[in-house]
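User: I'm new to this structure and would like to learn how its labels are earned. Could you walk me through it?

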Amino acid sequence: MLTYWYMYLMPFLIAFSNRKLQRKDNLFLLGLFGVTVVLFIGLRHEIGNDWFHYLAYFNQYQKHIQTSLNDFFSSKIEPSYALVNWVSAQINFGIYGVNLLCGIIFMYGLILFCKSQPY
């Protein structure tokens, strides 16, 4: 419960703070927020309507782990998502590895966007 408050309260307080943070502090807080959101995305379990669909995709690819990377790209899903599934299957992280990698990619883009904004 405390983590939910932290996740929403920290950006709120920073946004309405009249104190200008130094660049080092700003990057640290942005990184801390990014890691928190990545963990929320990556460590979810049976959350959302898409959970079982993505789990079925991953289980299908995990059965054929010895297949080449070209077989993953010829699948019905997006090539980049197939690559993330393949990487997660290779390092035995399971569906949580897929979610973590997707969360990292998402937060990287979001943080780059946030850093380009004036506030």
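Analyst: Sure. Reading from the N terminus, the elements of the chain go α-α-α-α-α-α. That comes to six helices and zero strands. Keep in mind that this is a predicted model.

User: How much of the chain is buried, and how much surface does the chain expose?

Analyst: Buried residues account for 24% of the 119 residues. The exposed area is about 9,000 Å², with carbon and sulfur atoms supplying 65% of it.

User: What share of the contacts joins residues at least 24 apart?

Analyst: If you take contacts between residues at least 6 apart in sequence, 54% join residues at least 24 apart.

User: Let's get specific. Why is F58 called buried?

Analyst: Buried means under 20% relative accessible area. F58 has 2%, so F58 counts as buried. You'll find F58 in helix α3.

User: Which residues does F58 touch, leaving aside its neighbours within four places in sequence?

Analyst: Those are N85, S88, A89, G94, I95 and V98. There's also a C-alpha distance to look at: F58 and W86 sit 28 residues apart in sequence, and 8.4 Å apart in space.

User: Y57 is in helix α3 too. What makes Y57 partly exposed?

Analyst: Partly exposed covers the range between the buried cut-off of 20% and the exposed cut-off of 50%. Y57 comes in at 31%, so the label is partly exposed. Its C-alpha atom is 8.9 Å from that of A82, 25 residues away along the chain.

User: Now R44. Where is R44, and is it buried or exposed?

Analyst: R44 lies in the loop between α2 and α3. Its relative accessible area is 17%, which is under 20%, so R44 counts as buried.

User: How do you know that R44 and D50 form a salt bridge?

Analyst: The rule asks for a side-chain nitrogen of Lys or Arg within 4 Å of a carboxyl oxygen of Asp or Glu. In the R44 and D50 pair, the closest N and O atoms are 3.6 Å apart, so the pair passes. As background, side chains of opposite charge can pair when their charged atoms come close. By this rule the count is one salt bridge.

User: Is D50 buried or exposed, or something in between?

Analyst: In between. D50 has 29% relative accessibility, so D50 is partly exposed.

User: What else does R44 reach or touch?

Analyst: The side chain of R44 reaches the backbone oxygen of I47 at 2.3 Å. Not counting residues up to four places away in sequence, R44 touches D50, W51, Y54, Y96 and N99.

User: Y96 also turns up in a surface patch. What makes up that nonpolar patch?

Analyst: V35, L39, L43 and Y96 make the patch, and its area is about 360 Å². Patch members need over 30% relative accessible area. Take L39 as a worked case: at 44%, L39 clears that bar, so L39 can belong, and its label is partly exposed. L39 lies in helix α2, residues 23-42.

User: What stands out about the phi angle of E46?

Analyst: Phi of E46 is near 55 degrees, a positive value in a residue other than glycine. For context, most residues other than glycine have a negative phi. E46 is found in the loop between α2 and α3. Its relative accessible area is 46%, so E46 is partly exposed.

User: Which loop holds N92, and what is its phi?

Analyst: N92 lies in the loop between α5 (79-90) and α6 (94-116). Phi of N92 is near 55 degrees, again a positive value in a residue other than glycine.

User: Why is N92 called exposed?

Analyst: Exposed means over 50%. N92 has 61%, so N92 earns the label exposed.

User: Last one: how many disulfides are there, and how is that decided?

Analyst: Zero disulfides. A disulfide is a covalent bond between the sulfur atoms of two cysteines. The cut-off here is a pair of cysteine sulfur atoms within 2.5 Å, and the count by that rule comes to zero. As for accessibility, C102 has 27%, so C102 is partly exposed. C114 has 35%, so C114 is partly exposed as well.

Technical notes:
Residues numbered from 1 in each chain as written. Predicted model: local features only at pLDDT ≥ 70, side-chain atom pairs only at ≥ 80, totals over all residues. Heavy atoms only, no water. Patch = residues over 30% accessible without salt bridge, like charges linked within 9 Å, V, L, I, M, F, W, Y side chains within 5 Å. Areas by Shrake-Rupley, 256 points an atom, 1.4 Å probe, with all protein chains shown as cover. Helix = DSSP H or I, 4+ residues; strand = E, 2+ residues; numbered from the N terminus. Buried < 20%, exposed > 50% of the residue type's maximum accessible area, 1.4 Å probe, protein only. Polar contact = N/O pair within 3.5 Å; in protein donor to acceptor, adjacent residues only side chain to side chain. Contact = heavy atoms within 4.5 Å.
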